[in-house]
Amino acid sequence: MVFPFTSSEDFKIEIGEEHELFRKSIREFVESKVMPRWREIEETNRIPEEILKEAAQLGIFGVGIPEEYGGQGGGHLMTALMMEEIARAVPSLSVTIGVNHLFAVPVMLFGSEEQKKKYIPPIARGEARGAHANTEPSGGSDVAGIQTRARKENGHYIISGRKVFISGAADADYLVVSARTSPPKEDKRWWGLSVFIVEKDTPGLKIGQQFKVLGMRGEQPYEVILEEVKVPEENLVGPENEGFKVIVSTYDYTRIGIAAQAVGIAQAGFEKALNYSLQRELFGQQLIQFEMIIEKIADMYMKLEAARLLTYWAATLADRGKREFVVAASLAKAFATEAAEWIARQAIQIHGGYGVDPETGVERYLRDAIITTIYEGTNEIQRLTIVRQLVRQTFGMRI
Ligand SMILES: Cc1cc2nc3c(=O)[nH]c(=O)nc-3n(C[C@H](O)[C@H](O)[C@H](O)COP(=O)(O)OP(=O)(O)OC[C@H]3O[C@@H](n4cnc5c(N)ncnc54)[C@H](O)[C@@H]3O)c2cc1C
């Protein structure tokens, strides 16, 4: 077998009729309720409340969350299909949903039974919203280097620090927050971090400025300030000082959703470009008759399908509980997000001047795709993960 496969089973993508029926139901919802409002979302930089309410009624917030915690069940592949279909319509809506996963996944993976029972059902039903506050001004890639501090006092932790680029923070009822609880060990920089649940009305928690980033209008991130925020010790997620694992294990799973988001963006850009190349006539013939355009369309399609297969494969490995899903998720995230960026760029080119006119609704795909290459581990960090895993598993060496 070749890395990262350990058996022929690992080549499988387990997609069935139930997945396609599910895709159809999500597609019907987004095509009727979300797509028609893309311009309004771009202009107002808000997802309308009615859309979120309807998404909640359809159970969209509960996909991927077990039924015993109020969710709809469904695994990583089901979640990926949902993210893809939503991103095909309005990518920022898939960020709103992804942010809830960024809250729910660490609690589901490492939280106590009490935490799961208290915080997950309202999130799964769409009655409460979550956020994930890890990145700091000192650098998001270096999770071990975070500066926010938490000290223990009389059964509570007191947290102080500043977080940046926190999606959904202004609407969040609950946030997971990372902080340093102990100095790092000499040989383990990552040791000494802890993760906490902070509820929105906790004194000292402030939502600061909104970052007006290039894309994902509708769900742009915020600054979060913590000034002596006091949380009960029951709000610690996972063991004290082991928070690094809580954070990075979360992204192992959630970055499959980012890959899927990118597939949705790529699909949307591809469809628009293909339709336009069939409709537009120049020099007395359809645009698609020109060889250079045919080549672009073929290359776009190749990258789109390769991105989709990598994403479904990573999701299937995660659903089957195979550890190889971690490297597959990094491969899928890096490849799909760069494919989306490239496809979106070609879609603009095929549309000529109309491609750079926001009214056409094509240039937004490029702006949104660029963001997917940055968050939940930049693509440089994905490449580090891929090569480190490859060298460790094939040669038993750490680099
Ligand atoms: C729209 C948006 C939404 C976001 N939402 C959230 C959120 O909800 N919660 C949250 O916690 N964070 C969020 N983030 C933050 C995001 O995860 C970080 O921006 C990202 O991890 C990179 O961190 P940084 O911006 O500090 O860049 P840096 O870490 O400073 O990196 C700068 C550059 O150096 C490269 N680099 C870093 N380390 C290495 C290395 N070892 N080798 C090679 N190159 C390297 C990076 O790839 C990058 O190109 C969001 C960001 C954006 C843009």
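This is a short tour of the structure in your viewer, one selection at a time. Keep in mind that the model is predicted.

**Stop 1: the three domains**

Start by colouring residues 8-128 as domain 1, residues 131-240 as domain 2 and residues 245-395 as domain 3. With those colours on, look at domain 1 and domain 3, whose centres, taken over C-alpha atoms, are 19 Å apart. Their contact draws 27 residues from domain 1 and 29 residues from domain 3. Which helices of domain 1 give two or more residues to the side that touches domain 3? Select helix H2 (38-44), helix H4 (76-89) and helix H5 (91-110) to see them. H4 has the largest share of that side, with ten residues. If you colour this side of domain 1 by residue class, you will find 14 nonpolar, six polar and seven charged residues.

**Stop 2: H5 against H7**

Keep H5 on screen and add helix H7, residues 243-279. The axes of H5 and H7 lie 9 Å apart and the packing angle is about 155°. Angles over 145 degrees count as roughly antiparallel, so H5 and H7 fall into that class. Their crossing is right-handed.

Now show the side chains at the contact:

- From H5, pick Pro91, Ser94, Gly98, His101, Leu102, Val105, Pro106, Leu109 and Phe110.
- From H7, pick Val246, Ser249, Thr250, Tyr253, Thr254, Gly257, Gln261, Gly264 and Ile265.

How many charged residues does the contact of H5 with H7 have? It has no charged residues, and the rest divide into nine nonpolar and nine polar.

**Stop 3: H5 against H6**

Leave H5 where it is, hide H7, and bring in helix H6, residues 113-124. Here the axes come within 10 Å and cross at roughly 155°. H5 and H6 are therefore roughly antiparallel as well, but the crossing of this pair is left-handed. On the H5 side, select Asn100, Phe103, Ala104, Val107 and Met108. Facing them from H6 are Gln115, Lys116, Tyr119, Ile120 and Ile123. By class, the contact of H5 with H6 holds seven nonpolar, two polar and one charged residues.

**Stop 4: H7 against H10**

Go back to H7 and add helix H10, residues 363-372. H7 and H10 pack at an angle of about 160°, with 10 Å between their axes. That angle makes the two helices roughly antiparallel. H7 passes H10 in a left-handed crossing.

For this contact, display Ile258, Gln261, Ala262, Ile265, Ala268 and Gly269 in H7, together with Tyr365, Asp368, Ala369 and Thr372 in H10. The classes are six nonpolar, three polar and one charged. You may recognise Gln261 and Ile265 of H7 from Stop 2, where they are listed in the contact with H5.

**Stop 5: around the ligand**

Centre the view on the ligand next. Which residues are closest to the ligand? Label Thr135, Gly140, Ser141, Thr378 and Glu380, the closest of the 22 residues that surround it. The elements that each supply at least two residues of this shell are strand E1 (130-133), strand E3 (156-166) and helix H11 (379-395). H11 gives the most, with three residues. Coloured by class, the shell shows twelve nonpolar, eight polar and two charged residues.

Why does the ligand lie between domain 2 and domain 3? Both domains give residues to the shell, so the ligand sits between them. Your colours from Stop 1 should help here.

**Stop 6: two backbone details**

Two backbone features are left to visit. Most residues other than glycine have a negative phi, and most peptide bonds are trans.

Select Phe3 and Pro4, which are joined by a cis peptide bond with omega of about 5°. Pro4 belongs to the segment before helix H1 (17-34).

Then move to Asn154, which is not a glycine yet has a positive phi of about 45°. You will find Asn154 in the loop between strand E2 (149-153) and E3. E3 is one of the elements you selected in the shell around the ligand.

Terms used: Residues are numbered from 1 along each chain as its sequence is written. This is a predicted model: local features need pLDDT of at least 70, side-chain atom pairs count only at pLDDT 80 or more; totals for chains, interfaces and linings use all residues. A residue is near a molecule or strand if its C-beta atom, placed from the backbone, lies within 6 Å of it. Helices (H or I, at least four residues) and strands (E, at least two) are DSSP runs, numbered from the N terminus. Ala, Val, Leu, Ile, Met, Phe, Trp, Tyr, Cys and Pro count as nonpolar, Asp, Glu, Lys and Arg as charged, and the others, Gly among them, as polar. Domain bounds come from an automatic or database domain assignment. Axes are lines fitted to C-alpha atoms, for helices over the stretch in contact, and angles run from 0 to 180 degrees between N-to-C directions. Angles under 35 degrees count as roughly parallel, over 145 as roughly antiparallel, 65 to 115 as roughly perpendicular and the rest as oblique. A crossing is left-handed if the near helix is turned anticlockwise from the far one by less than a right angle, and right-handed if clockwise. Two residues are in contact if their C-beta atoms, placed from the backbone, lie within 7 Å.
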